[in-house]
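Colleague: Could you take a close look at one part of this model for me, the loops in the early stretch of the chain? Please set that part against the rest of the chain as you go.

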Amino acid sequence: MTDMSPNSGPLSGVLIADFSRILAGPYATMLLADLGADVVKVEGPAGDDTRSWMPPVRDGVSTYYLAINRGKRSIALDLRDAADAGVARELARRADVLIENFKPGGLGKYGLDFEAVREGNPGIVYASISGFGSGAGRDVPGYDLMVQAISGLMSLTGDPDGPPYRAGISVFDVMAGNHAVIGILAALRHREATGQGQHVEVNLLSSALTGLVNHSSAYVAGGTVPYRMGNAHPSVFPYEPLPTADNDLIVAAGNDAQFVKLCQVLGIPEIAEDERFARNADRTANREELRPILVDRLKHRGAVEWFDLLVAAGVPCGPINTIDGGFAMAERFELDPVVTVGGIPTTRHPIRFSRTPVSYRLPPPELDEHGAEIRKWLEEDGG
């Protein structure tokens, strides 16, 4: 493996040619960069689309772009230009990993498809992210909102009598990005053992269907098509927001022991012994009878006060925060959720290592910020 500069981290020495854009691919390569990989972000002359996705902004730069591009070097290449396409092919020849999310087969006309890259770089781990795979769905555009609709997620989100809703984030782009990281790391381990590279394919719809977990299993294993229940859970109660004296509180008593503790803290221990509510199946079946009993007790304190009391007793719960409250809670739990890279605040990498800590070496790059040094390096012999 080779790279352009000495890095630290478990992936130090891994060179990644990043031909992805928007969210799933850049999110994956940012996580890999945090782990020490040397990521070269290849952008078109106009840059990654997310550079223009604003507001909000920080110092005139899209915060969307800033969220997923730290730790990388940027080079702008027009693949329609023969010279630039040659630079891109040389980068691919030297890389350990190439990741792309073009339309399946879209890089073939530039000599940058898997087969072409593998000819000059047999050990390449070539990762492709698409919306619907490289088969019959190859021509369908792959946007997260489409996949939320097609997969069935939107049918599960919202009030039972209301319209379906999208999730508040591009959940399947993020999930596919994580799956791409898993696939790349597994393929690198295989190459380490055998010397063989391979093509790793991830698509948003497959990520969505596995990510629907129990709902997918309800259908494929149980023959049941689940539908939206608002914030309620089909198999557990209480496992939803309940009103308090001020704000709603998520109460997630996932087993009988936790329900007993909940009733003790609420001052109604006898309810846990009531045959209508003693077991989870009973509580789920009789949720409409149990809910007002719990609400009547919860109305005497605020959500944060109940949070402290219930968590101390071992009952899972949490206030429904806005984003600022979420970061404040992470600070309270000493998770240090914000790191500053080159003067830009960004969200901490989610994994911690005892021996090979994550490093934050570079802020999100300006377009073509490292173009000259990358071109010079690629012109050198040897690689």
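**The early loops, and what surrounds them**

Modeller: Let's start with Ile-22, which you'll find in the loop that runs from strand E1 (15-19) to helix H1 (24-34). Bear in mind that this is a predicted model. The backbone at Ile-22 is the bit to look at: its phi is near 70°, so to speak on the positive side although the residue isn't a glycine. Most residues other than glycine have a negative phi, and most peptide bonds are trans. As for cover, Ile-22 has a relative accessible area of 21%, and because buried requires a value under 20%, Ile-22 counts as partly exposed.

Asp-59 is another non-glycine residue with a positive phi, here near 50°. Asp-59 sits in the loop between E3 and strand E4 (61-62). With a relative accessible area of 75%, Asp-59 is exposed, because the cut-off for that class is over 50%.

Now for the loop between E2 and E3, where several features come together. Pro-55 is located in this loop, and the peptide bond leading into Pro-55 from Met-54 is cis, with omega near -5°. Gly-44 belongs to the loop between E2 and E3 as well. The relative accessibility of Gly-44 is 31%, so Gly-44 falls in the partly exposed class, which lies between 20% and 50%. Leaving aside anything up to four places away in sequence, Gly-44 touches Ala-76, Leu-77 and Leu-367. If you want a long-range ruler, take Gly-44 and Gln-148: they are 104 residues apart along the chain, and their C-alpha atoms are separated by 28 Å.

Then there are the rings. A pair of aromatic rings is described by the distance of the centres and the angle of the planes. The structure holds two aromatic pairs. In one of them, the ring centres of Trp-53 and Tyr-64 are 5.0 Å apart and the planes make an angle of 85°, so we call the pair edge-to-face. Trp-53 comes from the loop between strand E2 (38-43) and strand E3 (57-58), while Tyr-64 comes from helix H2 (residues 63-67), and the two are eleven residues apart. Both partners get some solvent: Trp-53 is partly exposed at a relative accessible area of 36%, and Tyr-64 is partly exposed at 29%.

The other pair is handy for contrast. Phe-114 and Tyr-126 are edge-to-face too, with 5.7 Å from centre to centre and 65° between the planes. Phe-114 is in helix H4 (residues 114-120) and Tyr-126 in strand E7 (residues 125-130), so this pair ties together parts twelve residues apart in sequence. Phe-114 and Tyr-126 are both buried, whereas Trp-53 is partly exposed.

Aromatic rings also turn up with charges. The charged end of Arg-94 sits over the ring of Trp-377, 4.8 Å from the ring centre. Arg-283 does something similar over the face of Phe-259, at 4.4 Å from the centre of that ring.

The cis bond before Pro-55 has a counterpart further along. The bond from Phe-237 to Pro-238 is cis, again with omega near -5°. Pro-238 lies in the loop between helix H8 (213-220) and strand E9 (239-243).

One more loop is worth a click, the one between helix H5 (144-151) and helix H6 (171-194), where Ile-169 lies. Skipping residues up to four places away in sequence, Ile-169 touches Asp-144 and Gln-148. The C-alpha atoms of Ile-169 and Leu-145 are 9.4 Å apart, with their positions 24 residues apart in the sequence.

Zooming out, the protein chain has 14 helices and 13 strands, and its C-alpha trace spans about 80 × 45 × 45 Å along the principal axes. Of the 383 residues, 46% are buried. Take the contacts between residues at least 6 apart in sequence: 67% of those join residues at least 24 apart. The exposed area of the chain is about 18,800 Å², with 53% of it supplied by carbon and sulfur atoms. On the charge side, you have 35 positive and 49 negative side chains, and the centres of these two sets lie 2 Å apart.

Notes
Residues numbered from 1 in each chain as written. Heavy atoms only, no water. Helix = DSSP H or I, 4+ residues; strand = E, 2+ residues; numbered from the N terminus. Buried < 20%, exposed > 50% of the residue type's maximum accessible area, 1.4 Å probe, protein only. Contact = heavy atoms within 4.5 Å. Areas by Shrake-Rupley, 256 points an atom, 1.4 Å probe, with all protein chains shown as cover. Lys, Arg positive; Asp, Glu negative; His and termini not counted. Charge placed at Lys NZ, Arg CZ, Asp CG, Glu CD. Phe/Tyr/Trp six-rings, centres within 6.5 Å; stacked < 30°, edge-to-face > 60°. Lys NZ or Arg CZ within 6 Å of the ring centre and 35° of its normal.
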